[in-house]
Amino acid sequence: MTIERHNYDVLVIGAGGAGLRAAVEAREAGLRVAIICKSLFGKAHTVMAEGGAAASMGNVNDNDNWMVHFRDTMRGGKFLNHFRMAELHAKEAPDRIWELETWGALFDRTKAGKISQRNFGGHEYPRLAHVGDRTGLELIRTMQQKIVQLQQKDGRETGDMESGIKVYAELTITDILKENGKISGAYGYWRESGSEVLFEAPAVIIATGGVGKTFKITSNSWEGTGDGHALALKAGANLVDMEFLQFHPTGMVWPPSVRGILVTESVRGEGGVLTNTNGERFMFKYIPDVFKDKYADNEAEADRWYEDQDNNRRPPELLPRDEVARAINTEVKAGRGTEHGGVFLDVSKRLSAEIIKKRLPSMWHQFYELAGVDITKEAMEVGPTCHYVMGGVEVEPDTAAAVGVPGLFAAGEVAGGMHGSNRLGGNSLTDLLVFGRRAGIGAIDYVKNNGANPVSQAAIAAAAAKIQAPFDRQGGENSYSLHAELQEITHNLVGIIRTKVELEEAIIKIAEIRKRSANVSVSGGRKFNPGFHLAFDLDNMLLVAESTAKSAINREESRGGHTRDDFPGMNNKWRQINNISSFDGNQVNIREQVLPTIPKELFDLFDVHELEKYMTPEEIAKGGSN
Amino acid sequence: MARNIKLRIWRGDSTDGALKDVVVEANEGEVVLDVIHRVQATQMGDLAVRWNCKAGKCGSCSMEINGKPRLACMTQVASFGEEETITVTPLRAFPVIKDLVTDVSFNYKKAMEIPAYEHPKDLAPGEARMEQIDVERSQEFRKCIECFLCQDVCHVVRDHEENKKSFAGPRFFIRIAELDMHPLDTLKNRKKTAQEEHGLGMCNITKCCTEVCPEHIRITDNAIIPMKERVVDIKYDPARWLGSKIRRREGL
């Protein structure tokens, strides 16, 4: 059998923000680049980002600078972030935003004509560059069009617009290939035809995004199946801290057509209240001690805050995301949730229809058009939705090189370390740009020093056999049902609140599903067959779920996006530890690895009393490394 | 409150195909994409349908529902009568690959033909200053989610394969208009090339594109007509005369 073969210098898997930024960088350096996406070009999940891109340009408040941004990011991540990634991100984010403008992006403006910046949770100053509530779309479109510009340039020079950079849309990668311990390429299939493709390239950049589809309720699209996480694991790379997942507290839970879709925080900011099925405004019961002086403990004061913020404490609906998510989860588990597993969020009682439509136009449209719910008249049903994974491929911060696999790079949501245990809103879009570019540079340098690394016939045969296997089995398991079963397990046992007993059960059950998944069979042919596609996605999600469950059981504390009912507090000993997942071909293994010590110049950016909350006395005494 | 609904789905590929009737459960509040997914998971494991965000933001699940170009994720099942059969077919203007999935590569080829944005050479990153009111005109067109429903409905190409070569279509007229109205773009003659190279003159402003746009972009009024009006060196274009009689809508 002859298979379709392509040769490139750099292969970028994923065409979201990080992948496209990496591809631009590599092409501008003269390398030949292939971009691979599971969807059509321009549909990546980046388009869903609404809030904006955090960069300390200081256009709205000139007190802002990279140091303030760095501090905010480390606080948000509860000091588990890789300091160097947070530092590079804070320093380079403004340049990455300005650069987009030179490629044609049109951000909203300040009165002085600069890029406007908005406030967001956890950011000390107005910092998010934005375009209404469609900032992600602007990023994707700008880079998509930048790539067209590069193609037009190549077209003028060579007569072939796709000679230097080509997009392979609707193609799934099933294996990353290595020869002699180094990257040699990747293998996959066209989703349209099911026919197989070999890419030979000495450098592969993984930019595949998140893992949300591992969970039952998620804001992620079907693409968020952790492909890059799993491909990296199988290629011998490590994942760091896979226990940290961000659950947005208010995702739609009903009707099913919109399950998981985000309800923006501003609904609560504008006066939306959360109630359980007893009609109780329950958030007053969930104000942690450290926040008692900032949040109202009675309805009268909470209601007054909307009119007079100087003399009243904030309503508890505006507590940080993780607190609200946990509170809703507790109410539902206690039987005070709706039959669909949510609680009520209502703005209709406080605001007039006119004001709701004016202040929350996109929310009103989202509910009215997607769900047939009129939020000016009725309550929304909401619950926590899996939104973002902080954990990901362990990388060298400066080059985005995956630790342990020469030639492999990772950037964006699929990479770990940058956000620590919890990501701030707005930091994701600039993460894509900063580390997408750095992954591109990393690959450029690598390719300069490492020539082609041909793929062996044996590697091709093994990859091809794997793709054919589900068609050769008859009457085996159905990938849709196995996926649904996996989602039930993760939702119930590896969700927002975790316990040792439940995690142990989850690990056993995930292993059982993995065993059964080896027997998945597919009906129909190879041509655009979603059952066949899911069979491969399922394999990836199983590895992700196993890594998450095993990391979660190992971390005996609660921090950011990981809450253990049996270990409720933060533990400064655990702040020094990353959980590293690796794959031995059979199962995921976890080992503890000590975080690098923060250098003195970054240590000194903080008030030592703040650091005392997170660090051990020995660490404080050391005062950072030199 | 689930009920059974009647769905008629086109199944087949470029060689052959037919409408297949199925009965499928629909729950309150569901959209057409939900019931298609249920058919996929329970009755037709290999039913091909494109989708992605399921929130009207990515423009992947374009198809024709009872003959109208729509996003399946934005079409409520409840918007049809209880006894009505909902018929879903692939986009007609593009070649079928399989079932509800069509080959939309025409659009990506056209995208590559539109000259890219050109930034002023002497304007360094971070130095740009623009008024909000000036960026808003182009921002309207940058809302486009590339669902290609406007391309599908446009009768210049819908039943006229032969026109595709010389006609970029509404999606790319708004792309040209966006660049033309971009406060910083330095490339000249965009309107002229729209007319001469991308087929702007073939549009006779029936506004079908505007009607199907899920982002409510006023494609005809705010992009096509203003460009037609200002094209320098127009030879003969009946739409130009008509365009001059239709005023730009209020609000922008």
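Helices here are DSSP runs of H or I with at least four residues, numbered from the N terminus. The model on display is predicted, and the tour starts at a short helix of chain A.

**Stop 1: A:Ala621**

Select A:Ala621, which belongs to helix α18 of chain A, residues 617-622. Is this residue buried or exposed? With 8 other C-beta atoms within 10 Å, A:Ala621 is exposed, because the limit for that class is 12 or fewer. Next, add A:Lys78 to the selection and draw a distance between the two C-alpha atoms. A:Ala621 and A:Lys78 are 543 residues apart along the chain, and their C-alpha atoms are separated by 19 Å.

**Stop 2: helix α14 of chain A**

Select residues 500-517 of chain A, which form helix α14. This helix has 18 residues and reaches 25 Å from its first C-alpha to its last, close to the 26 Å expected at 1.5 Å a residue. Colour A:Glu502, A:Leu503, A:Ala506, A:Ile507, A:Ile510 and A:Ser517, which are the buried residues of α14(A). Then turn the view to look down the helix axis. The buried residues of α14(A) fall within an arc of 140 degrees, so they line one face of the helix. On the face turned away from that buried side, show A:Val501, A:Ile508, A:Glu512 and A:Lys515, which are exposed.

Which elements pack against the buried residues of α14(A)? Display α13 (479-493), β19 (497-498) and α15 (530-554) of chain A to see these partners.

**Stop 3: the nonpolar core**

Keep α15(A) in view while moving to the largest nonpolar core, which has 256 residues. Those with the most contacts inside this core are A:Val10, A:Val12, A:Ile205, A:Phe409 and A:Ala410. The element that gives the most to the core is α15(A), with 13 residues. Domain 1 (3-102) and domain 2 (105-245) of chain B both give residues to this core, so the core lies between them.

Centre the view on A:Ile205. Leaving aside neighbours within four places in sequence, A:Ile205 is in contact with A:Val10, A:Val12, A:Ile13, A:Gly19 and A:Ala22. The contacts of A:Ile205 also include A:Phe409, A:Ala411, A:Ala439 and A:Ala443.

**Stop 4: where chain A meets chain B**

Show both chains and select the residues in contact across them: 49 residues from chain A and 47 residues from chain B. On the chain A side, α3 (83-102), α4 (135-158), α10 (361-371) and α15 each supply at least two residues. Which element provides the largest share of that side? The answer is α4(A), with 7 residues. Coloured by class, the side of chain A that touches chain B shows 19 nonpolar, 16 polar and 14 charged residues.

From α4 of chain A, step across to helix α3 of chain B, residues 132-142. In α3(B), the buried residues are B:Val135, B:Ser138, B:Glu140, B:Phe141 and B:Arg142. The cover over these residues includes α4 of chain A, together with α6 (170-181) and α9 (219-230) of chain B.

**Stop 5: chain B as a whole**

Hide chain A. Chain B contains 10 helices and 7 strands, and its C-alpha atoms fill a box of roughly 60 × 40 × 35 Å along the principal axes. Of its 252 residues, 48% count as buried. Among contacts in chain B between residues at least 6 apart in sequence, 62% join residues at least 24 apart.

Now colour chain B by its domain assignment, with domain 1 at 3-102 and domain 2 at 105-245. The C-alpha centres of these two domains lie 30 Å apart. At their boundary, 12 residues of domain 1 are in contact with 13 residues of domain 2. The domain 1 side of this contact divides into 7 nonpolar, 3 polar and 2 charged residues.

**Stop 6: two loop residues with positive phi**

Most residues other than glycine have a negative phi. Select B:Ile205, in the loop between α7 (190-197) and α8 (208-212) of chain B. B:Ile205 has a positive phi of about 40 degrees although it is not a glycine. This residue is partly exposed, with 19 other C-beta atoms within 10 Å.

Finish at B:His216, in the loop between α8 and α9 of chain B. Phi of B:His216 is near 55 degrees, again a positive value in a residue other than glycine. B:His216 counts as exposed, with 11 C-beta neighbours inside 10 Å.

Terms used: Residues numbered from 1 in each chain as written. Chains lettered and ligands numbered in written order. Predicted model: local features only at pLDDT ≥ 70, side-chain atom pairs only at ≥ 80, totals over all residues. Expected span 1.5 Å × (residues − 1). Buried ≥ 20, exposed ≤ 12 C-beta atoms within 10 Å, placed from the backbone. Arc of directions from axis to C-beta. Contact = placed C-beta atoms within 7 Å. Nonpolar A, V, L, I, M, F, W, Y, C, P; charged D, E, K, R; others polar. Domains from an automatic or database assignment. Core = buried A, V, L, I, M, F, W, Y, C linked by C-beta atoms within 7 Å.
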